[in-house]
Amino acid sequence: MQFPREEYFAPGHRGCAGCGAAIVARLLLKVAGKNTIISNATGCLEVMTTPYPETSWRVPWIHTAFENAAATASGIEAAIKALKRKRGKHADKKINVIAIGGDGGTADIGFQALSGAMERGHDILYIMYDNEAYMNTGIQRSSSTPFMAATTTSPAGSKIRGEDRPKKDMTMIMAAHGIPYVATACISYPEDFMRKIKKALSIEGPKFIQVLQPCTTGWGYPPEKTIEIGRLAVETGIFPLYEIENGEFRITYKPAKRKPVREYLKMQKRYRHLTDEDIERIQRYIDEKCKLLGL
Amino acid sequence: MAFTRIDDKKITLRCQIYNPDYVVVQDPTLLESVNVVEGLKENGGIIINTVKDDLDLGYKTYTIDATGIALDVLGVPIVNTAMVGAFAGVTKLVSIESVKKAILDTFKGKLGEKNAKAAEVAYNEMLKKYG
Amino acid sequence: MCEVKVITGTSAAAEAAKLADVDVIAAYPITPQTTCVEKLAEFVANGELDAEYIKVESEHSAMSACIGAAATGARTFTATASQGLALMHEMLFIASGMRLPIVMMVANRALSAPINIWNDHQDSISERDSGWIQIYVEDNQETLDSIIQAYKIAENEDVLLPVMVCLDGFILTHTVEPVTIPKAERVREFLGVYEPKHAYLDPDRPVTQGPVGVPDCYMETRKQVEEAMERAKKVIKEVNEEFAERFKRKYGNGLVEAYNLDKADTVLVAMGSVCGTIKYVIDELKKEGKEVGLLRIRTYRPFPKEDVRELLKDAENIAVLDKNISFGFNKGALGIEMASILKNKKVCNYIVGLGGRDIKIDDIKTIINHVEKAEDDTTLWIGLKE
Amino acid sequence: MVTIAAIIYEPGNSIKNKTGSWRTFRPILDNEKCVKCENCYIFCPEGAIQEDENGNFKIDYDYCKGCLICMNECPVNAITKVREEK
């Protein structure tokens, strides 16, 4: 038996067929287990899992707003500490406080609350499930949308050809907070992702994992390709897998030979406007980044 | 500008003071820029931190070198507590014991003791000077 | 024995939070609230208060963290003012919608622009509809007492709503007054420990808090908040009585305070510290043989409609003072609401004290003269410069 | 009756919602061919593929939305698809 069998994320949720966010949640809870409290930012995951009176969560879960999953988690963590100390509550267990938000709720509107929570040193794990746009509201661009990807607010027009800015590097920004653990992950590499969750939860203090999660609806590919596309993102080097533990950088998966990014881009509708020249440009950009990371 | 109301009964009035019984001037240079006696009641008094002794502002005027006291006792020219002591000495509206207790409540430890001392020195000086 | 301390309103608020033995404080500094959260930081640093103090990066996060903590079953406290309260706006509705008994001190201050740190009520009045209970206090003693009462009210199972205790910026926050500090054990006896049954995050009882309120359930949640507000009126009165029994201080019936209403045809209606000035003027006029009354609205939400109607049934000239303005209606919130429940009476509205404009004795007298002569409901801005 | 603050006290009660009705294609798992790599198990967004008491993986058609990630990720082609005839 390779993977834990416990399921704390119940079926019956309203995620699209082939939803990567659901895979994030399911894997996360398999590792985190029963003694976990989730603070969920507004977004796909929150909406698809909790239409009253139904919930897919088998652990205590809270949603308050869009931009504040980290701040809400700060309050939860502080409350647990105070209640443990003052009233002996939860004395017998270590509770994992996990905040989870999409790229919009993390890199954009939730950025300040996240930065604050990380800087203050709360013992929380923040999971950014990155599908590279505002999927819940209809595929608008976020600061985590990659260069040249078409979204509903960065359409491929005759003058502007999709997103005109590179993807914001959230993991490195979080690393700059000097927190004990940051990592990137991808749902297509569940062992790697789950190992990183496990490691993060074993470390006291603030932790951050950015997990890439292809989105069938937003990226425009058939639902069965969710894992395949995620794998290509890693194999091409457009989304490298690494961790930084106490300041030490380590690539956790090194493709034997990086695949051309064309293979990745060609599978997705959001890139179908790209010319050969555009693809070369993106390839050059990736090559440079990978060189820096030692890939 | 700050103001204080003193009464034996509960004070409910919340507006600013336009016709004071006393004006306390902590910084004598204000005398040149502000009409400090504006609105002062006819038989009101003015207590000024100054080294001068011959000020006549048309009202009962009480002077004290609070800066000197502060420098002596506290080692810094912060005159608030000395001026409170001076006010108590001139007006007798509050006892020096109350003043000292309030100071000791506000400032902890040595700082409180020094400030209480500054108030007391000023208080005694005013008693001596004006009876 | 109780201890009397000569302290500011913000210190009184901090003392109250300490007496309530709060578990989590999340706060962000803003004038004129800061001295409250500084004092609390001091209490925590000295071990006088055993609480987690989260030094959040904004008021939005302050309220978010309070919500997270309260949803985990902790007693929580925060304080803010003006722009900070406005920044919390979104989270205020979420706190009440999630039925979390958070208590917050609001140091009432004007809203920008232009930026102005001084007192009026525009900030908290703008949060009128947020589902928070709002108590407006008159002095520092009432600040302390109201914050203690606020926990008792908020945590009552018939209520389960957050409470903001509003005190006037600078006028109360920075004025020192003698405040009687009750003994901690007696406050603990009065309040008990917060043990929520409805909402607490605990791995042994995995609940989902804050789900998607589909159209099929949302309206019911709103009605439930409204019903809780209605029940809160009774609870506030009871808490006021019980507090009076234990601590020998009471504030009207908890919702409203009547001052010299019996013989007066002319009644002023107001909230907050200006009521003290009005009482002073009433006493002065009494000496001249003139009777004027004051109805102080202490609890603005839930609004004490029944008490207002009953207490003002014989009043002829009703002057409502507002430290806020509803632009485009040329009335303040209290003025609009009083007119709506006193339909056949003359209710004049006076916009006063915006942005710290001093409300003088003569201003109160002007209002009295104006309302007595007024033929119809009018609005007058008091204290404007020529 | 709506609960206070619309709190949901029944963990994981979304199982009431049988998302199997969403399917256009039905994945069929051939246990003879299965090598127990657990790919289908771990990648299923619904958790609809579970191991039975005999150690065989089974697809729960009550919840399977027919995304076919399992088929795509099966290294030995043990999963095939058929059209749902509704």
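**Notes on chain A and its neighbours**

1. Let's start with one small spot: the backbone nitrogen of Ser142(A) lies 2.9 Å from a polar atom of the Thr145(A) side chain. Keep in mind that this is a predicted model. The side chain of Thr145(A) also reaches the backbone oxygen of Glu132(A), at 2.6 Å. So have a look at both ends of that side chain's polar company: Ser142(A) and Glu132(A).

2. Where does Thr145(A) sit? You'll find Thr145(A) in the loop between β4 (125-130) and α6 (170-175) of chain A. Is Thr145(A) buried or exposed? Thr145(A) counts as buried because its relative accessible area is 1%, and the cut-off for buried is under 20%. Leaving out residues up to four places away in sequence, Thr145(A) touches Glu132(A), Ala133(A), Thr151(A), Glu163(A), Arg165(A), Pro166(A) and Lys167(A). Try picking out Glu132(A) in that list, since you already met its backbone oxygen in the first point.

3. Now zoom out to chain A and chain C. Their contact takes 44 residues from chain A and 43 residues from chain C. Together the two chains bury about 3300 Å², with 59% of it on carbon and sulfur atoms. On the chain A side, Tyr52(A), Lys86(A) and Arg87(A) lose the most area to chain C, and together they make up 17% of what that side buries.

4. What about charges and polar pairs here? There are 10 salt bridges between chain A and chain C. An example to look up is Lys93(A) with Asp204(C), whose side chains meet in a salt bridge at 3.0 Å, N to O. The count of residue pairs in polar contact between chain A and chain C is 22, with both residues at pLDDT 80 or more.

5. Which elements of chain A give two or more residues to the side that touches chain C? They are β1 (36-40), α2 (44-49), β2 (61-63), α3 (69-87) and α5 (111-119) of chain A. The largest share comes from α3(A), with 14 residues. By class, that side of chain A splits into 19 nonpolar, 14 polar and 11 charged residues.

6. One of those elements deserves a second look. β2(A) pairs in the parallel sense with strand β9 (residues 208-209) of chain C, over 2 bridges. If you follow β2(A) across to chain C, you'll see Ile62(A) standing opposite Gln209(C) in β9(C).

7. Next comes chain D. Its contact with chain A takes 35 residues from chain D and 40 residues from chain A. The area buried between them is about 3000 Å², and carbon and sulfur atoms give 54% of it.

8. How many salt bridges cross between chain D and chain A? The rule finds 3 salt bridges there. For a concrete case, the side chains of Arg5(A) and Glu51(D) meet in a salt bridge at 2.8 Å, N to O. The rule also finds 29 residue pairs in polar contact across the interface of chain D and chain A, both residues at pLDDT 80 or more. On the chain D side, the elements that give two or more residues are α1 (39-43), β2 (49-51) and α2 (69-73) of chain D. That side of chain D has 19 nonpolar, 9 polar and 7 charged residues.

9. Finally, two pairs of chains stay apart. Chain A and chain B do not touch, and their nearest C-alpha atoms are 28 Å apart. Likewise, no contact joins chain B and chain D, where the closest C-alpha atoms lie 41 Å apart.

Conventions
Residues numbered from 1 in each chain as written. Chains lettered and ligands numbered in written order. Predicted model: local features only at pLDDT ≥ 70, side-chain atom pairs only at ≥ 80, totals over all residues. Heavy atoms only, no water. Contact = heavy atoms within 4.5 Å. Buried area = accessible area lost by both parts, 1.4 Å probe. Salt bridge = Lys/Arg side-chain N within 4 Å of Asp/Glu carboxyl O. Polar contact = N/O pair within 3.5 Å; in protein donor to acceptor, adjacent residues only side chain to side chain. Helix = DSSP H or I, 4+ residues; strand = E, 2+ residues; numbered from the N terminus. Nonpolar A, V, L, I, M, F, W, Y, C, P; charged D, E, K, R; others polar. Pairing = 2+ DSSP bridges. Buried < 20%, exposed > 50% of the residue type's maximum accessible area, 1.4 Å probe, protein only.
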